[in-house]
Each structure stands twice: as C-alpha cells, then as structure tokens.
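User: Hi! I have a model open at the bench and would love a close look at one part of it, with some of its surroundings for context.

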Amino acid sequence: MRVALFVTCVNDAVYPSTGVATVRILERLGVEVDFPADQTCCGQPPYNTGYRRETEPLVRRTVRAFEGYAYVVTPSGSCAAMVRHHYASFGDRAAALAPRTYELSEFLVDVLGVTDVGAYFPYTVTYHPSCHGLRALGLGTGPRRLLDAVKGLDLRELPGAEECCGFGGTFAVKNPDVSAAMGRDKVRHALSTGADVLCGADNSCLMHLGGILRREGAPLRTLHLAEILASTEEEPWRE
C-alpha cells in the first residue's frame with residue numbers, strides 16, 4: 001500500500017519529529033510513504049476566521065499536491081477535519097480529496113485494522129482527545145486502543161477528558177483570557193493523574209497545554225500520539 005503524508009504546517013515548522021514518527025510507524029507496518037513537496041497550509045486558519053476567498057488558493061494547492069493518492073494520512077485531527085468537512089464547499093475536485101484523507105489513528109485502526117503497532121513506551125500516560133478528533137472526526141476509542149496495546153505503557157484516565165483545552169486555533173488569539181483559563185483547567189486535570197506524559201493527536205492543542213505547563217514549572221511532558229507509537233525497545237523515545 002502507498003500513501004501520501006499530509007504533515008501539516010504546524011508539524012512541519014514546529015514539530016517535525018511528529019512527521020518523522022508517522023513515517024516510521026507506517027513503514028514499520030509495510031506501508032510505502034510519499035511526501036508531496038508542494039503541500040503547504042490546508043487553509044484552516046483563514047477559513048475558520050471567515051476569509052473564504054483567501055482560503056481558496058490554499059485548498060487548490062492542497063488538492064493538486066495529493067491528487068493520485070488513494071490514501072492521504074495526517075497526524076492532525078484538526079487538519080483532517082478541515083479537508084473532510086469543509087473542502088466539499090470548494091468544488092468537486094476538493095470534495096474528492098475528503099474521503100481519501102485520514103487522521104493517523106483512524107487510518108491505523110479503521111483502514112489497516114491494526115491496534116498493536118509494536119510500540120514500547122515505559123511511562124505513565126494520560127490522553128487528551130482534541131475537539132476536532134472527538135467531535136468532527138468521531139475518532140472514538142481508536143487512539144486509546146492504540147495506547148492500550150503499547151508495551152510498558154500505563155494509561156491513566158483524564159478527568160474532564162472531553163472538555164476543550166481552550167486552544168481552538170484563532171479562538172486562542174481572539175479570546176486569550178478564556179483560552180488560558182480553559183487550558184489551566186485541562187492542565188490541572190492532567191496533573192491530577194500523576195502521569196509522566198500528556199498525549200494527544202493534535203500538536204496545536206499540545207503546544208497550548210505545553211506552554212501552560214512550562215510556565216507553571218509542572219513535571220508533565222506533552223507528546224504527540226505518533227511519537228509514542230513510533231517508540232520501540234530497539235529505538236526508544238528519548239527526551
């Protein structure tokens with residue numbers, strides 16, 4: 001099977017290790033991964049802010065970059081949701097990309113039928129389901145099933161897991177005080193679990209929560225789901 005990696009601009013610019021981890025997982029499972037170099041932003045930030053006309057060139061570029069691929073895999077629930085739920089309004093070519101685009105965990109569980117990817121991660125972990133993954137994509141138990149199968153991992157329940165962390169893309173810019181308060185609530189719940197790592201499937205949410213944790217000097221590390229799943233006994237994750 002051959003897929004295209006839709007790495008997203010946040011991962012490409014700020015968290016490249018997540019993209020590398022995604023490739024490692026897929027290749028370990030026998031999937032051939034291409035990286036179309038013409039990909040840029042999918043258009044989610046301007047679209048969510050109401051700038052539809054400015055979004056159109058980004059949508060057209062994304063569609064061209066991923067044409068010809070039966071599967072497009074991304075380590076981002078929010079960007080997957082943008083393509084799946086909003087691209088149809090930009091015409092038939094854009095609409096055709098929607099059903100071929102998958103968030104990483106749903107591709108692993110729903111397409112490949114895999115929950116055990118051969119990972120090893122000897123730490124306590126609590127999982128934050130981001131809003132786009134939870135509500136827009138309906139990821140359900142997929143990410144947790146993947147974490148449950150990781151050797152050495154102790155998964156702890158996150159109180160108030162389904163509450164928004166407060167990031168919300170441009171929401172955090174437009175409503176910084178509310179966003180920060182929501183983030184502090186999420187951090188308080190995460191710290192109460194005693195976990196070593198706060199895991200999620202969207203680095204945008206983890207960036208928001210990680211910033212709060214660092215400012216508070218809290219002993220909790222944020223880490224993308226892909227980086228946990230990429231860790232093995234032979235090539236363990238290192239801080």
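Which residues do ring pairs link into a cluster?

Analyst: Happy to take a look with you; please keep in mind that this is a predicted model.

The residues you are after are Tyr47, Tyr87 and Phe90, which ring pairs join into a cluster. Nine aromatic pairs are counted by the rule used here. Phe90 has a charged partner as well: Arg52 lies over the face of its ring, at 4.2 Å from the ring centre. To see this on your screen, centre the view on Phe90, find Tyr47 and Tyr87 in its cluster, and then look for Arg52 over the ring face.

Just before Tyr87 in the numbering is helix 5, which spans residues 77-86. Seven of the 10 residues in helix 5 are buried, so this helix is mostly covered. Those buried residues are Gly77, Ser78, Cys79, Ala80, Ala81, Met82 and Val83.

For context, let's move on to strand 5, residues 124-128. Five of its five residues are buried, so strand 5 is largely enclosed by the rest of the structure. In a regular strand, side chains alternate between the two faces of the sheet. Strand 5 has cover on both faces, with Thr124, Thr126 and His128 buried on one side and Val125 and Tyr127 buried on the other. Strand 5 pairs with strand 6 (residues 154-156) in the parallel sense, over three bridges, and Val125 has Leu155 of strand 6 as its bridge partner. Strand 5 also pairs in the parallel sense with strand 7 (residues 197-200), here over four bridges. In that pairing, Thr126 stands opposite Leu198.

One backbone detail deserves a stop too. Most residues other than glycine have a negative phi. Thr8, however, has a positive phi, near 75°. Thr8 sits in the loop between strand 1 (2-5) and helix 1 (9-13). With a relative accessible area of 4%, Thr8 counts as buried, because the cut-off is under 20%.

Finally, turn to the surface. Val10, Val14 and Met207 form a nonpolar patch there, and together they have about 210 Å² of accessible area. Met207 belongs to helix 12, residues 203-216. At 32% relative accessibility, Met207 counts as partly exposed, since that class lies between the 20% and 50% cut-offs.

Notes. Residues numbered from 1 in each chain as written. Predicted model: local features only at pLDDT ≥ 70, side-chain atom pairs only at ≥ 80, totals over all residues. Heavy atoms only, no water. Patch = residues over 30% accessible without salt bridge, like charges linked within 9 Å, V, L, I, M, F, W, Y side chains within 5 Å. Areas by Shrake-Rupley, 256 points an atom, 1.4 Å probe, with all protein chains shown as cover. Salt bridge = Lys/Arg side-chain N within 4 Å of Asp/Glu carboxyl O. Helix = DSSP H or I, 4+ residues; strand = E, 2+ residues; numbered from the N terminus. Buried < 20%, exposed > 50% of the residue type's maximum accessible area, 1.4 Å probe, protein only. Phe/Tyr/Trp six-rings, centres within 6.5 Å; stacked < 30°, edge-to-face > 60°. Lys NZ or Arg CZ within 6 Å of the ring centre and 35° of its normal. Pairing = 2+ DSSP bridges.
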